[in-house]
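Trainee: I should like to examine this structure with you, one region at a time. May we begin with the bound molecule?

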Amino acid sequence: MSVYLDHAATTPMRAESRAAYTDALDIVGNPASIHGVGQRAKQLLEESRETIARSIGCDSIEVILTSGGTEAINLALKGLFWSRNAEGTRPIILAPGGEHHATIDTLDWLAAHDHADVRWLPLDAEGTLQPGVLDAALTEAHGSCAVATVIYANNEVGTVQPIVELGRVAARHGVPLHADAVAAYGHVPIDIADLRATSGASEASGLVAVSVSAHKIGGPVGIGALYLSRSATVEPLLHGGGQQRNVRSGTQDVAGTVAFARAAELAIRERVDESERLSELRDVLIAGVHDAVPDAHVNGSRSQRLANNAHFSFPGCEGDSLLFLLDMAGFAVSTGSACQAGIPEPSHVLQAMGRDERESRGALRVSLGRTTTRADIDAFLRALPEAHRQAKKAGLADRDVTRR
Ligand SMILES: Cc1ncc(COP(=O)(O)O)c(C=O)c1O
C-alpha cells in the first residue's frame, strides 16, 4: 500500500460524497422533464447547484456544470474568444506561461484553428504574474484583447496569484478575465462576489469566469463547474437541448452534481482548520527535505502558496528517476509536469519562471490532502535520501526536450 502524496492530481473521494452519489443514482427522472418525477430530480439538481454556488460565492444561475475543469476552461476560453472576436477585431488572448495544459493546449488550438494571437506573459522567479506585466500587455493590445486568463494557484509549484489586482487591471482595460481555480478550490477562500466587488469588475469585464473541478476536493471525477457572470456572453461548445442558459446543452448529471455539492460543502466547512494542519505538515516536510538533501530547493512563493503543496528541485537528478524510485519505495508523488511516453521532460512551469532546461528537470511535487498524516511525512523523509542517492547516481538523461 503506497503512501499517497499526490493529492493535487486527484484526492480520494469523501465517503459522504460517495454515499450521496450512490443514493442519487437511484433517482429516476430527467430534470428537464415536466412531470413530477422529473421535477423532483430538478429540485435536487438545483439545491446542489445552490450549494456549489455558495462554495465559490456566486449565485446559482451563474454556475454552469461541466464534465470537469478541462471542459470549464475550454468553455471559458473558446467561448469568450469566439464571442468577443466574432468580427475579427479582438484576436489577442493573454496568458502567463506555466499554465495547466488545459489552458495551454486550448490556446494553442485557438491559435492554429482560429488565428488567435496568443501572447504568453512572463512569470517572475516565484511563479507570480505581476499585475504590471498584465497591464503593459493590455495597453499594448490597444483594445484588441478578447480575453485574459490566469491560473488562480499553480497546480505544480503552488504559487497563488494576486487575483484581486489582476482582476482590477483587466476591469480597467474593459477585458474579461478567466481564472483557472481548479488547484485553488478548497484550499484558498474563493468568494467571487467579493473578488468582483473589490477588483471593480463590471458586468462583462474584470473577473467574469472561474473554473473549478469536483475531484480535487473529494468529489467524483467527471464533474466540474464554470462560474460565468450573468452578462458575460460566450459561444457554447456544445449544442443541443439548450440546458444551462443555452451555454452547455446536454442532460444534466443529477447524481454527479449532488456528490459534487456534498464534497464542496465539507471542503469549505473544513478549509480553515485543514489549511492550518496541512501548512504545518508542509513546513515540516520542507524543513526535513532541506536537512536530508541540503542542495534541494523549494520552488514557488514561500508566502503566497497553497497549504498542500511542496515543490522541490533536486539539482543533478531527473525528477522522473526520483518519482520511480520513490514509487518503488511505496510513495506516490509527482514531478508535476507532463511525461510524454516515458520521456522525461523539463517542467514548463519552472521554465516559465526563468529556469534553464537543466534546472527544470529535477523537479518533484509532493502534495498533501485530507488523508495525509505526520507519519506519512516522516516515512517519506526516511525514504528520500536513498532514492535521491540513486537518482543522483543515474544523473540527467542525455536528451534535450522542451515543451511549453
Ligand atoms: C490547475 C488545473 N487546471 C485544470 C485541471 C483539469 O481539471 P480536470 O481534471 O477536472 O479536467 C487541473 C487538473 O489537474 C488542474 O490542476
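Trainee: How far does a polar side-chain atom of T70 lie from an oxygen atom of the ligand?

Mentor: The model is predicted, and the distance is computed from its atoms. T70 is among the residues around the ligand, as are G68 and G69. Between a polar atom of the T70 side chain and a ligand oxygen atom, the separation is 2.6 Å.

Trainee: Which residue has a side-chain N or O atom 2.7 Å from a nitrogen atom of the ligand?

Mentor: The surroundings of the ligand include I151, N155, D180, V182, H215 and K216. H215 has a side-chain N or O atom 2.9 Å from an oxygen atom of the ligand, so the partner must be sought by its ligand nitrogen, within the 3.5 Å limit for a polar contact. The residue with the 2.7 Å distance to a ligand nitrogen atom is D180.

Trainee: What percentage of the ligand's accessible area does the protein cover?

Mentor: On its own, the ligand has 390 Å² of accessible area. Of this area, the share covered by the protein is 86%.

Trainee: Which strands stand at the edges of the open sheet?

Mentor: The sheet has seven strands with mixed pairing, in the order β2-β8-β7-β6-β5-β3-β4. Each edge strand has a single partner, so one of its sides is left without a neighbour in the sheet. On average, neighbouring strands are turned by 20° against each other, direction ignored. The edge strands are β2 (63-66) and β4 (117-121).

Trainee: Which residue of β4 stands opposite I92?

Mentor: Strand β3 covers residues 92-96 and runs parallel to β4, with five bridges joining the two. Opposite I92, the residue in β4 is D117.

Trainee: What angle does the direction of α6 make with that of β6?

Mentor: Helix α6 spans residues 163-172, and its buried residues include I163, L166 and V169. These buried residues pack against α5, β5, β6, α7 and β7. On the sheet, α6 touches β5, β6 and β7, and its direction makes with that of β6 an angle of about 155°.

Trainee: Is S360 buried or exposed?

Mentor: S360 lies in the loop between α10 (348-352) and β12 (363-367). Beyond its neighbours within four places in sequence, S360 is in contact with P346, S347, L350, Q351 and R355. Its relative accessible area is 1%, and the cut-off for burial is under 20%. S360 is therefore buried.

Notes. Residues numbered from 1 in each chain as written. Predicted model: local features only at pLDDT ≥ 70, side-chain atom pairs only at ≥ 80, totals over all residues. Heavy atoms only, no water. Buried < 20%, exposed > 50% of the residue type's maximum accessible area, 1.4 Å probe, protein only. Helix = DSSP H or I, 4+ residues; strand = E, 2+ residues; numbered from the N terminus. Contact = heavy atoms within 4.5 Å. Pairing = 2+ DSSP bridges. Axes fitted to C-alpha atoms, helices over the stretch in contact; angles between N-to-C directions. Near = heavy atom within 4 Å. Polar contact = N/O pair within 3.5 Å; in protein donor to acceptor, adjacent residues only side chain to side chain. Areas by Shrake-Rupley, 256 points an atom, 1.4 Å probe, with all protein chains shown as cover.
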